Amino acid sequence: MQSFDYGHAADIGEALANGDAPNTVFLAGGTELLNWLRLGVAKPARVIDLARLKGFADITRLPGGGLRIGALARLNDVALNDDVARDYPVLSQAILKSASAQLRNLATIGGNPLQKTRCGYFRAEETLPCNKRKLGSGCSALKGINDKHAIFGWSEACVATQPSDPATALSALDALYVTEHKDGGRRIKAEDLHTLPGDTPHIDNALRDGELIVGIELVGAARHSAYLKLRERESYEFAIVSAAVALDLEGDRILRARIALGSVAHKPWRLNQAESALSGVAANDTAAIRRALDASLVGAKTLAHNAYKVRLAKNAAERAIRLAAARTW
Amino acid sequence: MSIGEPIPRIDGSIKVTGAARYTADLRAPNMLHGVFVTAPLPAGRVIAFDKGHALAEPGVVRVLTHEDMPRPKTTIAGPPFAHSFLPLQGDEIRHEGQPIAMVLGETLEAAEAGARKVDVRYAPTTAKTPVAPLWSELDRAALAPKNTGYFFFEPEFSKGNADQNLALAKKRVEAVYSQPSRHHNPMEPSAVLALWEGDALTLYASTQHVYGVQMGLAALFAIPPERVRVISKHTGGAFGVKGLIWPQEALAALAAKIVSRPVRVVLSRANMYSFLGYQPRIVQKIGLGADEKGALAAVTHDVVNLTSVTDDFIEFATEASKSLYATRSMRLSQRAERAHVAMPTAMRAPVEGPGLWALESGMDELAVDLGVDPLDLRLANYADADPATGAPWSSKKLREAYEEGARLFGWRTRPPAPQRDGDWVIGHGMASCLMGTFRFPSHAHVTLRRDGTAVIEAGTQDIGTGTLTILPQIVADVLGLLSSKVKLTLGDTKLPEAGPTYGSSSTMGVGAAVLAAAQDVRGKLARLANLLPEEAAMVDGRISRTGATEGLPIADVMDQAGESEIVGTGAFDPAQHGAGYSMRTFGAVFVEVGVDRALGLLRLRRVVGSYSVGRIVNPRTARAQLIGGIVWGWGMAAMEQSPFDSALGRFLSKNLAGVAIPVNADIPSDIAIHCVEEIDEKAGPIGGKGIGELGATGVAAAVANAVFHAVGKRIRDLPITPEKLVA
Amino acid sequence: MEFRSHLTVALRVNGRRYEVPVDTRTTLLDLLREHLELTGTKKGCNFGECGACTVHLNGRRVNGCMILAASAEGAEVTTIEGLAEDGKLHPVQQAFIDHDAFQCGFCTPGQVMSAVALIREGHARSAAEIREWMSGNLCRCSSYPQILSAVEAAASQATAG
């Protein structure tokens, strides 16, 4: 690691006042930042430790229904929270399938969605041709090893995916990321947090320098929801493809489906066309469900080695719909 | 009676408390930390170094390059070196990740930061890159291998006219099977601590062979071996990758000499992908020709594996076909594909490990074609003598192993059609297991003390196989002591020379030396007690004539003779045992898998491993070894690969996130292990052979065979990932 | 807000208080191993990808390589060296011996620390749950079934006792 200066923010004011200085980063759980430092992906001059901030790790019910999750809440605490597990099982499951128990005791719900891609070229111990690491150096995955890379939203500048399981679940739940900044915070819709590469692949998300996610808001409840994560080994591995589904059911009929695919693009990919087509469909009408999913997947753009991800994504979404519908009370 | 008892590991306490020290845990006063700079390209030359920024990093003491390193007086060639190329001796780059500079720092942080600040200019040259893994491509690119010291078997063998018999066979299978390069990834990254006192070197290293390192470095530095002491009390997993000498050992020693301070190098996980070997990409073409009943008339087996430009490492997969089934004719060939890649090396399990992936898949395809039970096809081709040489087996109870394994698994009563379990389709598959028997000369001393304790001294290694328990059991057995009263001191070239801890050779090799040393002690004690050595027995701390009820306490005998301790010596010379016999270990593995076709998932449900290996000294540690091997086989089948980018000439993911090895959740509890009651008297005095690698053979084929049974898809390219299974 | 390039971290390790001058880049893992010479905790990958460095921080199991020593200011840390009491092995340590749950021993301290925490967390309700919640500790010797048995035994002893 390159040297850096380190300080503890005593309160949110101090964090924000210092946060947008040049070459300054925030440290929450550290489970990404320390690896960025070791890889040279981040070379900050100053690190602001948020550990002493109080009041940002609570999980509270909102007056109108819904939940507010403090950004510094540890992943395990969020997943195992009774309200989260009961009302948003897709989020609880997504978290519990992330990383390992030890990492989930450190990582925070506000930090996890900001994790960077797992593209092997980006994560190499040397700086390889990678526009995300060094704009203009090229995209090695475009014509290289891309079996795990994007099938939506990529550009010739970058074909990486965003791997966060919780972010995928939060997308299906239409969550809001609540931020603070010394010039004023905002509420960012889940679908707007991550950015697609376009010709600015070095940018991962919509946050400004010095902008801090302080909480995540969920409205309503999504009791018929489920998260499915596909990988070669059973645990402690990033997804090849994942699917987060939240259903509003009336009897066995789908009133509304919300489906987000993970690890298929540089953001959780909502299947808007499929969602429209699923309105009114019976939850066990496999044929109709598959036709609906086709409506979204027909837009997939594959690379040389990842065509299988389209079939996998479709089947994962279909299975997740079945699992979500089957949740019994 | 200690031998055969499942006594708990004697090294239990030190390992569960963290008291066992591995090389990276050791320090020396005034020590420097060494971190390497590695070449980011596969071929070319280093033109210039700019050390300025690195040296400006606080705490960085020195940056060493080939311009600083002394040239050794001898050229290295062959084992104990892993390859005959020592980096930092010239400006040539032969593979990506080759070390090209070494930063020495007062702290780890300084050395690591400094290593990233060394500016290097390179002149790339066109690299030879691996061709596409198609038989047609490899057939063109492959070369007859050259022996630079890494030929452990013959690259070509034939008996009869296999090609002709294959063409004429009533039933024929010809198929190509492949597996990608994959890395050992022991949990302990290799480490070395080098200290000089004058011209005497002490090297602490994570190794499988302290004597190999001693001999190699002594030759390299042209100093007498007695001036090189190598110590390795515990190695944190090896699996073949720490068996030979890799560059960091010599380079750390050279660096320590240059700066006149101890130097400790702990390789990073990324370094583990380029400094050391791996099991290379292997593509195999199998031809099986049989009659309508399945009796083999011809076996052809052609293998091409990837190797470096420096040496031809040959993965002798053909040994499987050479030794497993009776056949009238066989033709076997091994060739090398050379490229600017790191040098491969043996990996648990080598040789038959890859060989059985191809052979046992081929046999299953033949069984399917014939409509016979896969187990019956194996039995129909059982070899009562070595198929290649006709030599008798030293011992072989594979029939019993097949039978008991089948019984434990329920093989004969399995439902013919694949069953369902929710979204899972269940498949069953089996394969034979096979491993050669490597034996190395060993020596040991045993000292018996009047207080009824004993100490074993042997320069063997602890890599987790159970040596620290098994050798004391052997002594306890001979001297009538509790195992807990016997201590093993190992891992130091100051101790009697023992063989390497690889090739599944330790129990039978070092064990035999220890047995002889213990018998020597008993003989000496017997004479003190006026007994003939051959008629003495020791039980419960007493010595007597065999069969007698009363014995004399050890202390009494020794006190009477005025001795406080008795030292015995023993040796194992493989040449004295089993000449004229073919020695192998055998087995059968039966697996049940679940396949979720929609999601492309493959999961292991249960396994039975049934083995013919000779005497088992400790069933507890043996079970762990065999289960460990099976899990290695599962990893090979279902997930392991180290993707290689040809444009950049490097392994892409040099970490444990982009490369998958099995986790706890992958492995079911339902793994039954059975070892047939057997004593192999020819192979060595212990009566047993090795088990460390056998469990890892056959598994990949059994899994692919089970997948075929479940979903009717024949996968011939490992690993069997969702990409290959998704409907 | 004060920013420092070097600092002294005050923390308790295995019940003993230490004040350790460190580089800001020093991880908790390297503080333990290099500064306090508590080498029982192992470095397997230094990227949070293997679990060999598992310790307890303020009662929770975490990867020591993923924490800056500076962040551990004021913390209560327990390492493998702090488990046994008065020379008597912790029940989980004893269970690992009884069920042969290790071979080379390198991953073992991390496995034991994970298992102790797992039982305390209440995640030993089934074999499947134990396997899943222990999957953050890689074992290349592949003692997984034996590790499961050890944790099951220790967990039922904990409920009984």
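Across the interface of chain C and chain B, the rule finds seven salt bridges. The model is predicted, with ipTM 0.98 and pTM 0.98. Chain B also meets chain A, with 36 residues of chain A in contact with 38 residues of chain B. Chains A and C are each assigned two domains. This briefing covers the two chain interfaces, then the domain pairs.

**Chain C against chain B**

- In this pair, 47 residues of chain C contact 59 residues of chain B.
- The buried area comes to about 4,300 Å², and carbon and sulfur atoms give 55% of that.
- On the chain C side, the residues that lose the most area to chain B are Gln103(C), Arg140(C) and Tyr144(C). Together they account for 19% of what that side buries.
- One salt bridge links Arg264(B) to Glu34(C), at 2.9 Å from N to O.
- Polar contacts join 29 residue pairs across this interface, counting pairs with both residues at pLDDT 80 or more.
- Five helices of chain C each supply at least two residues to the side that touches chain B: H1 (28-35), H2 (91-98), H3 (108-121), H4 (127-133) and H5 (144-160).
- H5(C) gives the most to that side, with five residues.
- By class, the chain C side holds 20 nonpolar, twelve polar and 15 charged residues.

**Chain A against chain B**

- About 3,000 Å² is buried between chain A and chain B, with 52% of it from carbon and sulfur atoms.
- Glu125(A), Glu232(A) and Arg233(A) lose the most area to chain B on the chain A side. Their joint share is 22% of what that side buries.
- Six salt bridges are counted between the two chains.
- In one of the bridges, Asp423(B) pairs with Arg322(A), and the closest N and O atoms are 2.9 Å apart.
- There are 16 residue pairs in polar contact between chain A and chain B, with both residues at pLDDT 80 or more.
- Helix H2 (33-39), strand E9 (224-230) and helix H11 (308-326) of chain A each give two or more residues to the side that touches chain B.
- H11(A) gives the most to that side, with seven residues.
- The chain A side divides into 14 nonpolar, eight polar and 14 charged residues.

**Domains of chain C**

- Chain C has a mean pLDDT of 97, and 99% of its residues reach 70 or more.
- Its assigned domains are domain 1 (6-82) and domain 2 (91-160). The C-alpha centres of these domains lie 22 Å apart.
- Contacts between the domains involve 16 residues of domain 1 and 16 residues of domain 2.
- The two domains of chain C bury about 1,300 Å² between them, 56% of it on carbon and sulfur atoms.
- His56(C), Arg61(C) and Ile80(C) supply 50% of the area that domain 1 buries against domain 2, more than any other three residues.
- One salt bridge is counted between these domains. Arg61(C) and Glu121(C) meet in a salt bridge at 2.8 Å, N to O.
- Nine residue pairs are in polar contact between the domains, both residues being at pLDDT 80 or more.
- Strand E3 (residues 54-57) of chain C provides the largest share of the domain 1 side, three residues.
- That side has four nonpolar, eight polar and four charged residues.

**Domains of chain A**

- The assignment gives domain 1 (1-52) and domain 2 (55-329) of chain A. Their C-alpha centres are 25 Å apart.
- Here, 17 residues of domain 1 contact 24 residues of domain 2.
- The domains of chain A bury about 1,600 Å² between them, with 69% on carbon and sulfur atoms.
- Leu16(A), Asp20(A) and Leu39(A) supply 32% of the area that domain 1 buries against domain 2, more than any other three residues.
- Three salt bridges are counted between the domains of chain A. Asp20(A) and Lys182(A) meet in a salt bridge at 2.6 Å, N to O.
- Four residue pairs are in polar contact between these domains, with both residues at pLDDT 80 or more.
- Helix H1 (12-19) and H2 of chain A each give two or more residues to the side of domain 1 that touches domain 2.
- H1(A) gives the most to that side, with five residues.
- The domain 1 side divides into ten nonpolar, five polar and two charged residues.

Key
Residues numbered from 1 in each chain as written. Chains lettered and ligands numbered in written order. Predicted model: local features only at pLDDT ≥ 70, side-chain atom pairs only at ≥ 80, totals over all residues. Heavy atoms only, no water. Contact = heavy atoms within 4.5 Å. Buried area = accessible area lost by both parts, 1.4 Å probe. Salt bridge = Lys/Arg side-chain N within 4 Å of Asp/Glu carboxyl O. Polar contact = N/O pair within 3.5 Å; in protein donor to acceptor, adjacent residues only side chain to side chain. Helix = DSSP H or I, 4+ residues; strand = E, 2+ residues; numbered from the N terminus. Nonpolar A, V, L, I, M, F, W, Y, C, P; charged D, E, K, R; others polar. Domains from an automatic or database assignment. pLDDT = per-residue confidence, 0-100.
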